[in-house]
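Subject: Structure handover, aromatic pairs

Hello,

I am passing this structure on to you. Please look it over first; my notes on its aromatic residues come after it.

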Amino acid sequence: MRHPPQLARNVCVTPKMELAQGLPGQRALLPAAVLAVLSLGLSAASLLSDRWFVGTQKVPKPVCGKSVAAECPELPVPLDGGVADTPAAAVVQYSWASGDDRFSLLAFHSGLWLSCAEVLEGPGEKCRSSIELTPPAQRAILWLSLGSQTAHLSLELVSVLLLLTHLLFTHHPGLGLKLSAFAAVSSVLSGLLGMVAHMMYSQVFQATANLGPEDWRPHAWTYGWAFYTAWVSFTCCMASAVTTFNTYTKMALELQSRRARALQASTGCLLLPRAACTAPPESCHQGREPRGHDPPVRSVSESVDFLAALRARGQQDSGQGPAEAVEEEC
């Protein structure tokens, strides 16, 4: 009886051997991790900054005095109504400023925690709490904004830790899929909370600029670098979430395909003898009764000839069918 060459025999690959290899989609998580780290840094910088809004405040100039460097011409005025150069004359200072010349424009900047403005008396700034400046009707919204910002930062930190754990310490495909899924969900929730927090604080500042203390109300204002940094952080956060979801989908499809190939290879072991199968005995001989010795591997031509002979003798053997004969021969 002829035996097939050793190279022509099938090799059984178990699911454990198939899934032990790394998935190619794991490398695509590196851009997602970089975007998440960038979003975390920008979000922390904008949260701690007081440059969300910048502008100028219109402050009246103080009256003339010795402690104020103002141009106030001196004019002697007699106290008794006589000649002006008499000894009984008082010096009166006049200020000829009018219109906008009576005001000074001082720079200010405001953030989530503090609002600082320049002072006329000298160099330096005077800072006040943003909660103190906010109208009472808007303070609840400000607290919600601060809470949303903190939650946004915390969820982004969780996403970064999950992605770095997957890249650096995890090589198991199943666990990596779970980490990627949780990281993507954390990034999406973080981005949504950050967007809501930015919008709420913008509303609070506009209300404070119109209804806040009169000595603080800005004359003109615009957005500072921290405002734009916060929105760039939101963009990076959502881009990281989309990249992670895309990578998770690719890894899930690849893992499902490998499992299908491994299962197909395992079922192919049922047609092979014990010596030619590299899988465990329970997976190679599942559903087959143990025998004293394994039959030799037959070639395809011999199987075809044998089945033709069985079909020719089918008319003579009435008590036994071809299928039973094949089972006995195996």
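Below is what I found about the aromatic rings and their surroundings.

Please keep in mind that the model is predicted. In total, 16 aromatic pairs occur in the structure. I describe two of them here.

One pair is made by Phe53 and Tyr223: the ring centres are 5.5 Å apart and the planes stand at 45°, so this pair is tilted. Phe53 belongs to strand β1 (residues 53-60) and Tyr223 to strand β7 (residues 220-223), so the contact ties together parts that are 170 residues apart in sequence. As for burial, Phe53 has a relative accessibility of 1% and counts as buried, because the cut-off for buried is under 20%. Tyr223, with a relative accessible area of 31%, is partly exposed.

Another pair consists of Trp231 and Phe234. Their ring centres lie 5.7 Å apart with the planes at 85°, so the pair is edge-to-face. Here both residues sit in helix α6 (residues 225-268), and they are 3 residues apart, about one turn of the helix. Trp231 has a relative accessible area of 27% and is partly exposed, whereas Phe234, at 18%, is buried.

How do these residues fit into the wider picture? Phe53, Tyr223, Trp231 and Phe234 are all members of one aromatic cluster. That cluster also includes Trp52, Phe108, Tyr201, Phe205, Trp216, Trp221, Phe227 and Tyr228.

Regards

Conventions
Residues are numbered from 1 along each chain as its sequence is written. This is a predicted model: local features need pLDDT of at least 70, side-chain atom pairs count only at pLDDT 80 or more; totals for chains, interfaces and linings use all residues. Side-chain values use heavy atoms; hydrogens and water are left out. Rings of Phe, Tyr and Trp (its six-membered ring) pair if their centres lie within 6.5 Å; planes under 30 degrees apart count as stacked, over 60 as edge-to-face and the rest as tilted. Helices (H or I, at least four residues) and strands (E, at least two) are DSSP runs, numbered from the N terminus. Buried means under 20% relative accessible area, exposed over 50%, partly exposed in between (1.4 Å probe, protein chains only).
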